[in-house]
Amino acid sequence: VDRPDDAVEVLQSAGFSVGSTGVLALRIPDRPGGLGEVLGLLHEAGINVEYMYAFFITIAGDAVVLFKVDDAVIERTLAALERGGIAVLASCDVYKL
């Protein structure tokens, strides 16, 4: 959804049990080994990926993959991705996909 806070509120008001989790949306080269390179960067930084999932949509030839890492290592994760030249999408950009 493009307004997750509103969605949570509406669902809770209707009696549903709702949770939300922050994830990182990454642009990954859509080619053999592209995902492996990102996972290698995270491994070298000592960061575990809790889970991930991909969109069927690409941006300028890059795959969009969502990653969940422990909240305690977000800053370290962002630094590792920046060093590796991996683009992190802003939430407003993801909501437009």
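**View 1. Val23 joins two tyrosines in a nonpolar surface patch.** Val23 is partly exposed in this predicted model, with a relative accessible area of 31%. Look for Val23 in the loop between helix H1 (4–13) and strand S1. Together with Tyr51 and Tyr53, Val23 makes a nonpolar surface patch of about 270 Å². Both of these partners are on hand in the next close-up.

**View 2. Tyr51 and Tyr53 form a stacked aromatic pair.** How many aromatic pairs does a search of the whole structure find? The search gives 1, and here are its two rings: Tyr51 and Tyr53 sit 6.3 Å apart, centre to centre, with 10° between the planes. The pair counts as stacked because planes under 30 degrees apart fall in that class. Tyr51 is partly exposed, at 37% relative accessibility. Tyr53 is also partly exposed, and its relative accessible area is 44%.

**View 3. Phe67 has many partners in the largest nonpolar core.** This core holds 15 residues, and Phe67 is among those with the most contacts inside it, along with Leu26, Ile28, Val38, Leu42, Ile47 and Leu81. Strand S1 (24–29), helix H2 (34–44), strand S3 (62–69) and helix H3 (74–83) each give two or more residues to the core. Which element supplies the largest share? That is S3, with 4 residues. Setting aside residues up to four places away in sequence, Phe67 touches Val23, Leu24, Leu26, Ile28, Leu35, Val38, Leu39, Leu42, Val49, Tyr51 and Met52. Val23 and Tyr51, familiar from the surface patch, are thus on the contact list of Phe67 too.

**View 4. A second, separate core has 5 residues.** Among its members are Val64, Leu66, Leu89 and Val94. As general background for both core views, nonpolar side chains tend to be buried together in soluble globular proteins.

**View 5. Lys68 is a buried residue of strand S3.** Is Lys68 buried or exposed? Lys68 counts as buried because its relative accessibility is 7%, and the limit for that class is under 20%. Leaving aside neighbours within four places in sequence, Lys68 is in contact with Thr21, Gly22, Val23, Asn48, Val49, Glu50 and Tyr51.

**View 6. Ala60 has a positive phi.** Here the backbone takes the stage. Ala60 lies in the loop between strand S2 (49–59) and S3, and its phi is near 50°. Most residues other than glycine have a negative phi. Ala60 is exposed, with a relative accessible area of 73%.

Note on methods: Residues are numbered from 1 along each chain as its sequence is written. This is a predicted model: local features need pLDDT of at least 70, side-chain atom pairs count only at pLDDT 80 or more; totals for chains, interfaces and linings use all residues. Side-chain values use heavy atoms; hydrogens and water are left out. A nonpolar core is a set of buried Ala, Val, Leu, Ile, Met, Phe, Trp, Tyr and Cys residues joined through side-chain atoms within 4.5 Å. Buried means under 20% relative accessible area, exposed over 50%, partly exposed in between (1.4 Å probe, protein chains only). Contact means heavy atoms within 4.5 Å. Rings of Phe, Tyr and Trp (its six-membered ring) pair if their centres lie within 6.5 Å; planes under 30 degrees apart count as stacked, over 60 as edge-to-face and the rest as tilted. Patches are made of residues with over 30% relative accessible area and no salt bridge: like charges are joined within 9 Å, nonpolar side chains (Val, Leu, Ile, Met, Phe, Trp, Tyr) within 5 Å. Accessible areas come from the Shrake-Rupley method with a 1.4 Å probe; for residues, only the protein chains shown count as cover. A salt bridge is a side-chain nitrogen of Lys or Arg within 4 Å of a carboxyl oxygen of Asp or Glu.
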